[in-house]
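Reader: I have a chain to go through. Could we take it question by question?

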Amino acid sequence: MGTLILCLFYLLLYDAIWKYVNFMKRIVNKHPLAIRWFHWINFPVLSVMIWSGLLIYWANDIYKLGWGDKTLLKFFPDSFYDTLHIDHKLSTGMAFHFFFMWWFFLNGFLYVSYTIFSGEWRYLLPDRRSFKEAWQVVLHDLHIRKTAPPQDKYNAAQRIAYTAIIIMGIGSLITGLAVYKPVQLGWLCALCGGYEAARVEHFILTIGYVLFFLVHVIQVILAGWNNFQAMITGFEIIRQPKSVATSVAGVEPAVTAQPEQSDLPVTVIEPLYSETHTEAEIPEVAGIKELPESQPDLKELNSVENNLSNDENVKNEN
Ligand code: HEM
């Protein structure tokens with residue numbers, strides 16, 4: 001047993017030394033602070049909206065999947081209400097729903113405005129290749145296709161999904177308002193096809209959120225910790241063989257610290273998505289404002305290094 005543990009120890013040590021010698025880390029800025037705030041505020045707010053919506057829906061639960069008298073799936077079975085204690089809470093549901101809808105609206109409005117003014121929309125909106133590429137992404141995710149199509153910040157499937165969820169959010173607000181004030185906002189209600197249609201649309205959009213959420217979380221889990229933590233810290237840590245990392249697409253990294261300046265093998269603050277951006281765009285995209293070419297921004301470098309040294313995972317990887 002002792003020998004086995006010793007062997008394992010040497011193996012881990014060898015692996016760590018090998019990585020230290022042959023690999024360097026790239027710090028890639030990924031999500032701006034504002035996007036992270038909007039994203040993480042949206043999650044609990046949307047959860048409350050769905051939960052309180054269910055409390056309201058229970059009072060008149062008319063939807064089902066089926067035809068004629070045949071019911072394949074009733075929304076929702078009694079067991080569902082019993083398990084989640086959803087029954088007889090109509091007024092609680094309305095109070096929460098009509099309070100949090102303002103936060104849902106405000107957060108969504110600020111998020112969309114931010115993406116427009118910051119230029120982040122460029123990474124989110126699908127382009128004319130996205131629909132073809134999204135299919136290739138799906139085939140790749142299902143391990144049917146070997147290579148994934150080239151991507152920017154998000155792949156084609158993500159672009160379509162994230163844009164769809166924003167449109168769905170707008171749809172929920174419109175149909176929600178139509179159901180909330182069908183008389184005062186009669187024109188909006190008519191625009192949705194009448195009260196009944198607006199209610200169905202509102203319900204379907206909610207089911208859509210739940211499906212999106214399930215797929216989204218599964219994808220996040222599959223993408224791994226590094227991808228997830230970037231939605232919290234804002235940056236991703238990418239390991240690359242030293243030979244590749246020194247220059248990407250002929251563009252020199254914005255800031256490079258030599259090994260003797262850092263306890264990491266090499267730390268590079270890398271411009272974001274350097275593969276697809278011109279040199280002129282890089283300082284802006286990387287969030288590094290007016291970086292003088294000859295003088296690395298050591299303040300920025302140090303703050304990233306501090307973040308790194310606080311990060312237990314990174315230490316362990318070393
Ligand atoms: C536990 C819940 C959630 C987790 C762990 C999570 C995680 C993440 C992560 C890691 C990303 C970045 C993906 C990447 O860089 O490839 C992301 C992006 C995104 N997520 Fe979520 N998410 C959650 C809930 C939600 C919900 C409820 C919604 C909306 C219905 C949502 C909508 C989005 C959108 C629109 C983006 C793109 C943001 C942008 O860059 O503008 N997420 N999420």
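**Fold and packing**

Author: A starting point: this is a predicted model. Among its contacts with a separation of 6 or more, 65% join residues 24 or more positions apart.

Reader: How many helices and strands does the chain have?

Author: Both kinds of element occur in the chain. The count is 14 helices and 6 strands.

Reader: What share of the chain is buried?

Author: The chain has 318 residues. A residue is buried if 20 or more other C-beta atoms lie within 10 Å of its own. The buried share is 19%.

Reader: Which strand pairs with β1, and which residue stands opposite M24?

Author: Strand β1 covers residues 23-29. Of its 7 residues, 6 are buried. Its antiparallel partner, over 7 bridges, is β4, residues 235-241. Within β4, the residue opposite M24 is Q240.

Reader: At what angle do α7 and α9 pack?

Author: Helix α7 spans residues 156-180 and helix α9 residues 195-223. Their axes lie 9 Å apart. The crossing is left-handed. The angle is about 145°.

Reader: How many nonpolar, polar and charged residues does the contact of α7 with α9 have?

Author: On the α7 side, the residues include A161, I165, M168 and G171. On the α9 side, they include R199, E201, H202 and F212. By class, the contact has 10 nonpolar, 6 polar and 2 charged residues.

Reader: Which residues form the largest nonpolar core?

Author: Two α7 residues that meet α9, A178 and V179, belong to this core. A198 of α9 is in the core too. The core has 5 residues. They are A178, V179, C189, C192 and A198.

Reader: Which residues does C189 contact, leaving aside neighbours within four places in sequence?

Author: C189 is one of the core residues. Its contacts include A178 and A198, which are core residues as well. The full list is A178, P182, G194, Y195 and A198.

Reader: Why does A134 count as partly exposed?

Author: A134 lies in helix α6, residues 130-141. Buried status needs 20 or more other C-beta atoms within 10 Å, and exposed status 12 or fewer. A134 has 19 such neighbours, so it counts as partly exposed.

Reader: How far is A134 from I160, C-alpha to C-alpha?

Author: Leaving aside neighbours within four places in sequence, A134 contacts A156, A157 and I160. A134 and I160 are 26 residues apart along the chain. Their C-alpha atoms are separated by 7.9 Å.

Notes. Residues numbered from 1 in each chain as written. Predicted model: local features only at pLDDT ≥ 70, side-chain atom pairs only at ≥ 80, totals over all residues. Axes fitted to C-alpha atoms, helices over the stretch in contact; angles between N-to-C directions. Helix = DSSP H or I, 4+ residues; strand = E, 2+ residues; numbered from the N terminus. Left-handed = near helix turned anticlockwise from the far one by under 90°. Contact = placed C-beta atoms within 7 Å. Nonpolar A, V, L, I, M, F, W, Y, C, P; charged D, E, K, R; others polar. Pairing = 2+ DSSP bridges. Core = buried A, V, L, I, M, F, W, Y, C linked by C-beta atoms within 7 Å.
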